[in-house]
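Visitor: I have a few minutes and a model to understand. Can you walk me through it?

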Amino acid sequence: MIKKILKHLRSKIFAGILVVLPLGITLFVLKFVFNILDSILDPLMPLLTHRLFEREISIPGFGIIGFFLLLYLFGVIATNVFGRRLVGWADRLFTNIPVVKNIYLSSKQLTNALSNTGKGSFRQA
C-alpha cells in the first residue's frame, strides 16, 4: 500500500517536473534577455516625469520598446533602394575584416537558413 502511494507520488512529481522545467527554462531565458536588453537600452531612453510627485522615473521595459522601434526603423531603411545599397556596402565591409568575416558570415548563413524556411531550405523528408 505504501509502495503504491510512493510510486504514485514519484510518477506525478516527475510528470510535474517535466511540465514545469521547460516553462521555467523559457521564463528564465526570456527574463535574462529582457534584463540584458533593458539594461543596455534603458539609459538611452528619455526619463519620464511622474506628474503627481514631480520626479523622474524609469519605466521597466521602455528600453525593449525602443529596441523594437529601432528594429522597425532598420527594416524600413533596409527595404528601400538606398537601404539595399547601404546593406550591400556594409556586407562588403564586414566580409573584408578578417576576424569579423567569420562571425558575420556564420550569423548571416544562420539568418538566411531561418528566414528561408518557406522557400525550401528546410525540406520535410
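Visitor: Is Y104 buried, partly exposed or exposed, and what is its relative accessible area?

Guide: This is a predicted model, so every value here is computed from it. Buried would need under 20% relative accessible area, and exposed would need over 50%. Y104 falls in between, so it counts as partly exposed, with a relative accessible area of 21%.

Visitor: Which residue forms an aromatic pair with Y104?

Guide: The structure holds 1 aromatic pair. Its ring centres lie 5.2 Å apart, and the planes meet at 40°. Stacked would need under 30 degrees and edge-to-face over 60, so this pair counts as tilted. The partner of Y104 is F94.

Visitor: Which helices does the pair of F94 and Y104 tie together?

Guide: The two residues are 10 apart in sequence. F94 itself is partly exposed, at 32% relative accessibility. F94 lies in one helix and Y104 in another, so the pair ties together α3 and α4.

Visitor: How many salt bridges does the structure hold, and how far apart are the closest N and O atoms?

Guide: The structure holds 1 salt bridge. K108 forms it with D91. The cut-off is 4 Å. The closest N and O atoms of K108 and D91 are 3.0 Å apart.

Visitor: Where do K108 and D91 lie, and how many residues apart are they in sequence?

Guide: K108 is partly exposed, at 30% relative accessibility. K108 lies in helix α4, residues 98-115, and D91 in helix α3, residues 81-95. The salt bridge therefore ties together parts whose separation in sequence is 17 residues.

Visitor: What pattern does the protein follow along the sequence?

Guide: Start with the elements. The protein has 4 helices and 2 strands. Read along the sequence, their pattern is α-β-β-α-α-α.

Visitor: What percentage of the residues count as buried?

Guide: The protein has 125 residues. It exposes about 11,200 Å², and carbon and sulfur atoms supply 71% of that area. The share of residues that count as buried is 6%.

Visitor: Among contacts between residues at least 6 apart in sequence, what share joins residues at least 24 apart?

Guide: Contact means heavy atoms within 4.5 Å. Take the contacts between residues at least 6 apart in sequence. The share that joins residues at least 24 apart is 20%.

Visitor: Which element gives the largest share of the lining of the largest pocket?

Guide: The largest pocket has a volume of about 230 Å³. L71, F74, I77, A78, L86, V87 and A90 line it. Two elements give two or more residues each to this lining: α2, residues 62-78, and α3. The largest share, 4 residues, comes from α2.

Visitor: Where does P60 lie, and is it buried or exposed?

Guide: P60 sits in the loop between β2, residues 55-57, and α2. Its relative accessible area is 66%. That is over the 50% cut-off. P60 therefore counts as exposed.

Visitor: Which residues is P60 in contact with, leaving aside its neighbours within four places in sequence?

Guide: Look back along the chain. D42 is 18 residues from P60 in sequence, and their C-alpha atoms are 8.0 Å apart. With the neighbours within four places left aside, the contacts of P60 are F34 and D38.

Notes: Residues numbered from 1 in each chain as written. Predicted model: local features only at pLDDT ≥ 70, side-chain atom pairs only at ≥ 80, totals over all residues. Heavy atoms only, no water. Salt bridge = Lys/Arg side-chain N within 4 Å of Asp/Glu carboxyl O. Buried < 20%, exposed > 50% of the residue type's maximum accessible area, 1.4 Å probe, protein only. Phe/Tyr/Trp six-rings, centres within 6.5 Å; stacked < 30°, edge-to-face > 60°. Areas by Shrake-Rupley, 256 points an atom, 1.4 Å probe, with all protein chains shown as cover. 1 Å grid on protein atoms, 1.4 Å probe; cavity = no way out; pocket = protein on both sides within 12 Å on 5 of 7 lines; lining within 4 Å. Points joined across faces, edges and corners; volume = space filled by probe spheres on them.
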